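Here is a friendly first walk through one protein model. Please take a moment to look at the sequence and the 3D view before reading on.

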Amino acid sequence: MSDYDLDSGPDPATVAAATAESAIDESNDPVYAVGIGPGNLDYLTPRGRRAIEDADVVVGFETVVEFIADETDADLLTCGYKDEREALTSFADRVADGERGTAVLMGDPNHSGYQFVGKVQGVVDSPVRVIPGISSLQIAAGRARTPMEDTEFVTLHKSGDIADDIARLTDAVGDRHLLVLPRPFDWMPGDIAAHLLDHGADPELEALVLEKLTHDDESITRSSLGALCDHAGGSEPDDTPFSDLSVLAVRREVA
């Protein structure tokens, strides 16, 4: 195990993205970082399912692991932000002892998951292979009809400074569609709308908040950017009508 410190820099996402994956011989049991999709197991890819089924030990946030708990006989190591060091250390020790390890992340690791990928990569000596999943972002793009090539995608769902990410939204609004993963609960859809309006965005732009996509209680709130602004303010769950499983889509101006 490396001496990477989970509580200090660099940003684990930077660690995960520092270099391209090397050629990995899958017969040597790399550690897999699997995107499980948006929570509906119909959207778990066959390759991701196999990496979960074949694992001896699986690690991930409790809210993610609970979705795949019945898909594997592996030992499940669950954590939250406060105890992720302990879970990842146990995971790394077991991988070092020769067990097959898989880390699970909601959606697609390439969308908001790189911090956890970097933490896994920082504690294991084995190579880490990302198995992409189907993100709620991709589902949202279909529901909102915002083609990815015409869209500015920004994730705020991460720790640390997000000033550059907010600036990207401000620069693109109106000219390109926006797809945003909000940060619970201080940068929720209403807060993002208020910021964009403060920086000159057209209040008539169409805005959609897509919640719990692919789940039985999926919902879509359709409004304008100006109306969405009414929900700005606060940093607690009760301060917003929207859940932490939300994607904000702002459609660009129509020529």
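The sections below go through the pockets, the nonpolar cores, one helix and a few backbone details of this predicted model.

## The largest pocket

A good place to begin is the empty space. Rolling a probe the size of a water molecule over the atoms shows where such space is left. The largest pocket of this model has a volume of about 1,100 Å³. It is lined by 40 residues, and those closest to its centre are Val64, Tyr81, Met106, His157 and Leu245. Helix 3 (62-68), strand 4 (101-105), helix 5 (114-123) and strand 10 (246-250) are the elements that each give two or more residues to this lining.

Which element gives the largest share of the lining of the largest pocket? That is helix 3, with five residues. By type, the lining of the largest pocket divides into 17 nonpolar, 15 polar and eight charged residues.

## The second largest pocket

The second largest pocket holds about 290 Å³ of space. Its lining is made of 17 residues, and Ala13, Tyr114, Gln115, Thr155 and Lys158 lie nearest its centre. Two or more lining residues come from each of helix 1 (12-16), helix 5 and strand 6. The lining of the second largest pocket divides into five nonpolar, nine polar and three charged residues.

## Two nonpolar cores

Now for the inside of the protein. In soluble globular proteins, nonpolar side chains tend to be buried together. In this model, the largest nonpolar core has 36 residues, and Phe91, Val104 and Val120 touch the most other members. Helix 4 (residues 84-96) gives the most to this core, namely five residues.

What does Val104 touch, leaving aside residues up to four places away in sequence? Its contacts are Val34, Ile36, Ile52, Val58, Val59, Gly60, Val64, Val65, Ile68 and Phe116. There is also a second, separate core of 23 residues, which includes Leu156, Leu169, Leu178 and Val180.

## A look at helix 7

Leu169, one of the members of that second core, brings us to helix 7. This helix covers residues 163-172, and its buried residues are Asp165, Ile166, Leu169, Thr170 and Ala172. An α-helix has 3.6 residues a turn, so residues three or four places apart point the same way. With that in mind, try finding Ile166, Leu169 and Thr170, which are among the buried residues of helix 7.

What do these buried residues pack against? Their partners are strand 6 (151-155), strand 7 (177-181) and helix 8 (189-198). Just after helix 7, Gly174 takes a positive phi of about 95°.

## Backbone details in the loops

A few loops deserve a closer look. In the loop between strand 7 and helix 8 you will find Phe185, which is joined to Pro184 by a cis peptide bond with an omega of about -5°.

Two residues have a positive phi although they are not glycines. Arg145, with a phi of about 55°, sits in the loop between helix 6 (136-144) and strand 6. Is Arg145 buried or exposed? It counts as exposed because its relative accessibility is 65%, and the cut-off for exposed is over 50%. Lys212 has a positive phi of about 50° and lies in the loop between strand 8 (206-211) and strand 9 (219-224). Lys212 is partly exposed, because its relative accessible area is 30%.

Terms used: Residues are numbered from 1 along each chain as its sequence is written. This is a predicted model: local features need pLDDT of at least 70, side-chain atom pairs count only at pLDDT 80 or more; totals for chains, interfaces and linings use all residues. Side-chain values use heavy atoms; hydrogens and water are left out. Buried means under 20% relative accessible area, exposed over 50%, partly exposed in between (1.4 Å probe, protein chains only). Helices (H or I, at least four residues) and strands (E, at least two) are DSSP runs, numbered from the N terminus. Contact means heavy atoms within 4.5 Å. On a 1 Å grid over the protein atoms alone, a cavity is a set of points where a 1.4 Å probe fits but cannot get out, and a pocket is an open set with protein on both sides within 12 Å along at least five of seven lines; lining residues have an atom within 4 Å of a point. Grid points are joined across faces, edges and corners, and a volume is the space filled by probe spheres set on the points. Ala, Val, Leu, Ile, Met, Phe, Trp, Tyr, Cys and Pro count as nonpolar, Asp, Glu, Lys and Arg as charged, and the others, Gly among them, as polar. A nonpolar core is a set of buried Ala, Val, Leu, Ile, Met, Phe, Trp, Tyr and Cys residues joined through side-chain atoms within 4.5 Å.
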